[in-house]
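Colleague: I should like to learn how features of a protein model are read from its coordinates. Please give the general idea each time, and then the case at hand.

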Amino acid sequence: MRIVFATDLSDANEAAIESRTCLECLDNIGVTEVHLLTVVPDNVSSGLPGMDVASDAREALKTQRGVFEEAGFEVETHVARGTPHRRINGLAERLDADMIVIGSRGESPLRNRLIGGTVRNVARTAVRPLLVERIEKTETGHAVKKEHLFRNTLYATDFSENAERAYDFFPTLTGATERATLLHVRGREQRERGDSDPAAREQLEGMADELRDRMGIEVETNVRSGAAVEEIVAEEERVGATTTLIGARGTSRLRRLLLGSTAESIVAQGNNNVLLVPPESATPR
């Protein structure tokens, strides 16, 4: 597998890169090639005569590159100028990458923030599966929020084609996932109409049986009622999930892809790592 790992060269992103457990998780799903990318916005300069911000960034990438190489990955480094989400997604598409990895917090000395709007914009325009890795501030610096990226995966589905595409990503996690929870949130409209749960539970159990047979992992299913984002976050906490797997929604590669309120809110507001799988229309043909 080939991934693009986007970094803003901050202490927060270094914490993600230096987590041995996270690196082992990437190795366990078959990642062998890492393209380490940092983006320098066009309006950023060092402010010092004779200093080249891009050269400074290349120098700063050496330490992070060394961590990946020491862990056994093949590594190439890239420094680009421009709008971060466009450069990140553009490189992933050009390289035909299998996944993009981006930290959800951190502020670079180059003022390139891979948080908030940038993460959302990467997600909205992603043409490759995107792993949003949560990084939190600690008393001594920063650390990844949940190290075992794929060990306990929560899959949230509304049984749409986009959700099915995310489900189809499960086999890629073989070797890293030990336990999975399949969740469907029964919305308020369904509840008001008096729709029953048996059909949803039956669909989830069929998917669970397939995962048990194919991946040999422990799987449970659940149907909750209420607001989708609130119930997904509650289920993350209930089962101790380390990553939430969810499908994006979009119809155009030429315009910004709209995730849909649930996926976007989980990416922007959630506390868990998120593995977002883009719609089929976003995949190069």
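Colleague: Which residues of helix H2 are buried?

Modeller: Buried means under 20% relative accessible area, exposed means over 50%, and partly exposed lies in between, with a 1.4 Å probe and protein chains only. Helices (H or I, at least four residues) and strands (E, at least two) are DSSP runs, numbered from the N terminus. In helix H2, residues 20–28, the buried residues are Thr21, Cys22, Leu23, Cys25 and Leu26. An α-helix has 3.6 residues a turn, so residues three or four places apart point the same way. After H2 comes glycine 30, whose phi is positive, near 100°.

Colleague: On what basis are such values obtained?

Modeller: This is a predicted model, in which local features need pLDDT of at least 70 and side-chain atom pairs count only at pLDDT 80 or more, while totals for chains, interfaces and linings use all residues. Residues are numbered from 1 along each chain as its sequence is written, and side-chain values use heavy atoms, with hydrogens and water left out.

Colleague: How many aromatic pairs does the structure hold?

Modeller: Rings of Phe, Tyr and Trp (its six-membered ring) pair if their centres lie within 6.5 Å; planes under 30 degrees apart count as stacked, over 60 as edge-to-face and the rest as tilted. The structure holds five aromatic pairs. In one of them, the rings of tyrosine 155 and tyrosine 167 have centres 5.7 Å apart and planes at 50°, so this pair is tilted. The pair links distant parts of the chain, since tyrosine 155 belongs to strand E8 (residues 152–156) and tyrosine 167 to helix H6 (residues 161–167), 12 residues apart. Both tyrosine 155 and tyrosine 167 are buried.

Colleague: What is the geometry between tyrosine 155 and phenylalanine 170?

Modeller: Their ring centres are 5.9 Å apart and the planes stand at 70°, so tyrosine 155 and phenylalanine 170 form an edge-to-face pair. This pair, too, links distant parts of the chain: tyrosine 155 is in strand E8 and phenylalanine 170 in the loop between H6 and strand E9 (179–186), 15 residues apart. Tyrosine 155 counts as buried because its relative accessibility is 0%. Phenylalanine 170 is buried, with a relative accessible area of 0%. Elsewhere, Phe5, Phe68 and Phe73 form one aromatic cluster.

Colleague: Which side chain makes a polar contact with the side chain of tyrosine 155?

Modeller: A polar contact is a pair of N or O atoms within 3.5 Å; within protein, one must be able to donate a hydrogen and the other to accept it, and residues adjacent in sequence count only if both atoms are side-chain atoms. Here the partner is the side chain of threonine 157, at 3.4 Å. Threonine 157 is placed in the loop between E8 and H6 and is buried, with a relative accessible area of 5%. For contact in general, the criterion is heavy atoms within 4.5 Å. Not counting residues up to four places away in sequence, threonine 157 touches Ala163, Leu183, His184, Val185 and Leu204.

Colleague: How many salt bridges are counted?

Modeller: A salt bridge is a side-chain nitrogen of Lys or Arg within 4 Å of a carboxyl oxygen of Asp or Glu. By this rule the count comes to 13 salt bridges. One of them joins arginine 2 to glutamate 33, with the closest N and O atoms 3.0 Å apart. Arginine 2 lies in strand E1 (residues 2–6) and glutamate 33 in strand E2 (residues 33–40), so the pair ties together parts 31 residues apart in sequence. Arginine 2 counts as partly exposed because its relative accessibility is 25%.

Colleague: Which residues are joined into one network by salt bridges that share partners?

Modeller: Consider glutamate 220, which forms a salt bridge with arginine 238, the closest N and O atoms being 3.1 Å apart. Glutamate 220 is in strand E10 (residues 218–225) and arginine 238 in helix H9 (residues 228–239), 18 residues apart. Glutamate 220 is partly exposed at 23% relative accessible area, and arginine 238 is partly exposed at 46%. Through shared partners, salt bridges join Arg179, Glu218, Glu220, Arg224, Glu231, Glu235 and Arg238 into one network.

Colleague: Where does strand E5 fit among its neighbours?

Modeller: Two strands pair if DSSP finds at least two bridges between them. Strand E4 (residues 99–103) and E5 run parallel, joined by four bridges, and isoleucine 102 stands opposite valine 132 in E5. E5 also pairs with strand E12 (residues 273–277) in the antiparallel sense, over three bridges, where leucine 130 stands opposite leucine 276 in E12. Within E5 (residues 130–133), Leu130 and Val132 point one way and Leu131 and Glu133 the other way, and all are buried.
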